[in-house]
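Me: I'd like to learn how to read a model like this one, feature by feature. Can you walk me through it?

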Amino acid sequence: MTTTGTRTTAIALHGVHKVFGESSTRVEALAGIDLDVGAGEFVAIMGPSGSGKSTLLHLIGGLDVATSGTVAVGGEDLASLNDDQLTMLRRRKIGFVFQAYNLVSVLTAIENVALPLIIDGIAESRANERAGRALDLVGLGSRPDHRPGEMSGGEQQRIAIARSLVAEPVLLLADEPTGNLDSVTGDQTMRLLRRLVDEEGQTVIMVTHDARDAAMADRIVRLRDGRIVEEQTLPPVKSGADVLASLEGLDAPEDAP
Amino acid sequence: MKWSYSLRELRRRPLRSGLTLTGITIGVAAMLSIAITIETTRRAYGDMYTTLAGRAALEVVAIGDGGFDAALVDQLSGTDGVAVAAPVVQMPAVMIGPKGRLVVMVIGIDPERDTAVRDLKLRAGKALAPGGAVVLLDAAFAAANGIGVGDDAPVITRTGGVRLTVCGLMEPGPISAFNAGAVVVMPLSTAKKRFGLGDQINSVQLVLEDDDRANAIRQAVQTSLPDGLSVRPPAARADLVRDTLLSTEQALQSFSIMSLVAGAFIILNTFLMNLAERRRQLALIRALGGTGKQVQWWLLREALLLGLTGTAIGIPLGWLMSFGMLGSMQTLMGVKLSAPVPGVMPFVAAAILGPVMALAATWVPARRAGREPPLNGLTAAAGTDAIESVRRWPLVVGVICITLMAGICVILVGEHLPQRSNEKILPAGMALLMIGGILVMPYLLMPVLRMVVWGLGPFMGFEGRMAARHLDRRRVRTALTAGVLFVAIVISIGFGNQIRSNLRDMDTWYERTFVGD
Ligand SMILES: Nc1ncnc2c1ncn2[C@@H]1O[C@H](COP(=O)(O)OP(=O)(O)O)[C@@H](O)[C@H]1O
Ligand SMILES: [Mg+2]
């Protein structure tokens with residue numbers, strides 16, 4: 001469950017550089033990244049602010065293109081895709097979860113979840129059916145008609161996760177998904193992601209500041225100044241406390257089970 | 001994506017959507033009511049002259065609606081195929097009735113020749129005697145104003161007042177159709193003498209021996225006429241008096257176009273506000289796999305919804321407004337205008353125009369929003385604080401528009417073109433000037449804004465400086481807002497001026513026609 005060698009590769013990055021701006025405003029956000037993530041693997045990306053975590057996620061998700069190097073998703077080199085093809089990749093193969101849940105405020109929970117399918121031109125009844133199942137999966141099947149404004153932050157993030165899953169993407173990308181949540185709802189969200197990996201075989205790449213969140217992953221990749229400075233493969237998750245105990249130099253969480 | 005989603009987006013910002021809707025509604029309503037007013041007025045003039053002309057198949061009038069020498073009547077009587085040539089003078093006047101002042105049209109006819117042209121059936125009293133100081137009134141008009149046979153009828157024109165006597169009351173007929181019955185019919189000779197008209201008349205109506213030969217006779221008559229006079233079917237006289245109508249029609253048409261342009265800029269302005277606020281949402285759609293085209297269409301659909309709604313409100317509103325406008329026209333022109341008589345075309349035009357205006361105003365920004373890379377709207381830094389870049393093309397296009405307008409002015413002032421084409425060019429020119437002005441505005445606005453900030457700097461305080469900086473940042477929108485204000489001012493000044501000059505025109509027309517010998 002924890003080694004990448006034995007399974008198919010979901011994404012592969014080789015010598016990836018990303019440069020923003022020119023001359024005086026030039027920033028090298030990524031300075032040579034090599035990374036393979038296997039299908040069904042849960043990878044946490046950590047690192048100080050500005051180390052290039054989000055940039056990395058954007059490149060993998062086809063939201064931005066690398067300055068040099070190759071980014072392959074499901075064996076497909078993104079550099080060879082035009083804008084419309086990248087759009088199709090995002091539509092069919094990638095699910096995004098953002099720190100700011102980014103729900104559409106005028107749409108109900110189920111409409112938000114169904115949005116990627118509606119965008120894909122899938123009939124409303126069919127889209128709603130699938131969205132209903134995705135809502136069940138995140139434990140919100142009973143509140144399909146609530147608007148985002150009527151829900152708590154944790155619930156909104158779960159809706160965002162349901163939305164990211166609804167098109168059954170090969171890859172789920174989450175950028176600080178617990179960043180706006182309190183520790184209780186944050187933990188719920190993390191357990192949900194873990195369950196998706198364990199039960200649905202979902203591949204997840206998650207950016208996080210929080211060591212406790214990272215501890216739920218199969219592998220932790222640490223970035224600094226656009227480079228990978230450390231990779232750490234974690235033992236299979238049994239319980240949160242086990243994982244925490246196995247990590248060095250981390251503060252014990254106050255509310256661990 | 002579902003249309004109901006668009007509707008919800010619009011409902012989320014009710015004030016702004018309402019403002020946009022108002023812009024479209026006003027544009028459509030103005031355009032429609034003005035088209036109806038112009039059409040109805042023209043038709044009313046045509047009908048009026050046709051009725052007035054009775055059995056006359058042709059009439060001779062001065063191009064430009066002026067007067068001409070009565071000596072021509074005899075020449076016309078002698079023309080082959082012409083049975084009777086009946087001279088007519090007309091002039092606006094005021095009659096003092098028992099209930100107060102009445103705005104009337106004096107019509108002077110030759111009582112003998114005129115019987116061949118039209119039948120004046122009398123309800124009471126007796127017919128006009130040549131040379132008598134007597135008048136005929138429309139029976140209904142007289143009754144409504146408490147005037148009877150034998151009463152005094154003081155009539156006042158520019159050249160003085162005369163005391164005449166009502167000798168008879170007419171049944172509804174050709175003359176009472178004119179000016180809603182507010183007519184004072186008197187012998188031509190009396191009118192000429194009492195009002196000091198000399199030998200000037202306004203028209204000669206020709207009853208033909210054979211109406212089937214009207215075309216041939218018309219040609220024969222036309223060749224014999226001096227310059228400046230024209231022979232044509234009575235209804236066509238509406239075209240000639242358009243000289244009087246011309247400036248009003250121009251004013252109305254310019255107003256119509258300006259309302260449309262103003263409406264479009266209001267739409268654009270609020271649309272840009274929406275876009276700025278919805279960057280994140282649009283980026284999200286793109287991140288979730290929406291194509292740029294989908295985003296563009298999604299946005300345009302909202303504009304289209306507003307366009308359709310605005311049109312749906314604007315058409316009935318325009319129809320209602322046309323009643324009011326026709327009322328003003330009636331007062332302005334002194335012509336009875338009944339209910340609006342619209343053709344189908346103004347409605348079709350209005351129905352197309354509303355949605356097209358909404359789409360045209362939002363097309364470019366919607367396309368640009370669709371093409372924006374999703375990341376720009378998603379990252380935390382993507383607030384709405386980025387300084388809007390001001391491009392060069394609006395300046396170029398704006399200067400071209402203004403230059404074109406300047407060219408048009410030169411042509412108009414130089415009178416190189418026939419009058420008829422002026423009236424088509426002028427409204428287009430107004431639109432050009434306005435669009436040009438709005439496009440150039442940002443380039444003038446920003447230096448002016450900076451000068452104001454610099455001048456007021458010490459007194460503005462922190463908040464003032466923030467506000468100024470904010471305006472500077474939202475250049476496009478600031479310019480647009482200034483543009484809408486500019487349009488409003490241009491409309492008020494322009495429209496007011498047009499009406500004033502129109503009234504002046506009427507004076508000139510009046511003087512030229514009736515006063516000057
Ligand atoms: N669109 C951009 N334009 C310019 N610089 C950027 C842009 N996006 C990110 N950067 C820069 O790249 C570096 C990495 O950013 P990011 O990937 O967001 O870091 P993290 O997510 O680890 O905090 C930062 O220095 C940031 O300022
Ligand atoms: Mg980040």
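**Reading the two chains and the ligand**

Reply: Sure. Keep in mind that this is a predicted model. Start with the secondary structure: chain B has 15 helices and twelve strands, while chain A has eight helices and ten strands.

Me: How much of chain B is buried, and how much surface does chain B expose?

Reply: The idea is to read the buried share together with the accessible area. Of the 517 residues in chain B, 52% are buried. Chain B exposes about 23,100 Å², and 64% of that comes from carbon and sulfur atoms.

Me: And what are the values for chain A?

Reply: Chain A has 257 residues, with 54% of them buried. Its accessible surface is about 10,900 Å², and carbon and sulfur atoms account for 47%.

Me: What share of the contacts links residues 24 or more positions apart?

Reply: Here you take the contacts with a separation of 6 or more and ask what part comes from residues 24 or more positions apart. In chain B that part is 82%. In chain A it is 69%.

Me: Next, the cores. Which residues have the most contacts inside the largest nonpolar core?

Reply: The general idea comes before the case. In soluble globular proteins, nonpolar side chains tend to be buried together. In this model the largest nonpolar core has 76 residues, and A:Leu13, A:Ile60 and A:Ile205 have the most contacts inside it. The largest share of this core, ten residues, is supplied by helix α8 of chain B, residues 237-277. There is also another core apart from it, with 47 residues, including B:Met95, B:Val135, B:Leu197 and B:Leu229.

Me: Let me zoom in on one of those. What does A:Ile60 touch, leaving out residues up to four places away in sequence?

Reply: Its partners are A:Ile11, A:Leu13, A:Val71, A:Val73, A:Leu78, A:Ile94, A:Leu171, A:Leu173 and A:Ile205. Notice that A:Leu13 and A:Ile205 turn up again from the list of residues with the most contacts inside the core.

Me: Now the ligand. Which elements give two or more residues to the shell around ligand 1?

Reply: First list the shell, then look at the polar pairs. Around ligand 1 you find A:Phe20, A:Val27, A:Ala29, A:Pro48, A:Ser49, A:Gly50, A:Ser51, A:Gly52, A:Lys53, A:Ser54 and A:Thr55. By type, the shell splits into four nonpolar residues, six polar and one charged. As for polar pairs, oxygen atoms of ligand 1 lie 2.9 Å from an N or O atom in the side chain of A:Lys53, 2.8 Å from a polar side-chain atom of A:Ser54 and 2.5 Å from one of A:Thr55. Ligand 1 taken alone exposes 560 Å², of which the protein buries 60%. To your question: the elements are β2 (27-38) and α1 (53-60) of chain A. The most comes from α1(A), with three residues.

Me: Last one: is A:Gln157 buried or exposed, and why?

Reply: Check relative accessibility against the cut-off: under 20% means buried. A:Gln157 is at 0%, so it counts as buried. A:Gln157 sits in helix α5 of chain A, residues 153-165.

Me: What does the side chain of A:Gln157 reach at 2.8 Å?

Reply: For a buried polar side chain, look for a polar partner. The side chain of A:Gln157 reaches the backbone oxygen of A:Pro177 at that distance. Leaving out residues up to four places away in sequence, A:Gln157 touches A:Val97, A:Phe98, A:Gln99, A:Tyr101, A:Pro177, A:Leu181 and A:Thr189.

Key:
Residues numbered from 1 in each chain as written. Chains lettered and ligands numbered in written order. Predicted model: local features only at pLDDT ≥ 70, side-chain atom pairs only at ≥ 80, totals over all residues. Heavy atoms only, no water. Near = heavy atom within 4 Å. Polar contact = N/O pair within 3.5 Å; in protein donor to acceptor, adjacent residues only side chain to side chain. Areas by Shrake-Rupley, 256 points an atom, 1.4 Å probe, with all protein chains shown as cover. Helix = DSSP H or I, 4+ residues; strand = E, 2+ residues; numbered from the N terminus. Nonpolar A, V, L, I, M, F, W, Y, C, P; charged D, E, K, R; others polar. Buried < 20%, exposed > 50% of the residue type's maximum accessible area, 1.4 Å probe, protein only. Contact = heavy atoms within 4.5 Å. Core = buried A, V, L, I, M, F, W, Y, C linked by side-chain atoms within 4.5 Å.
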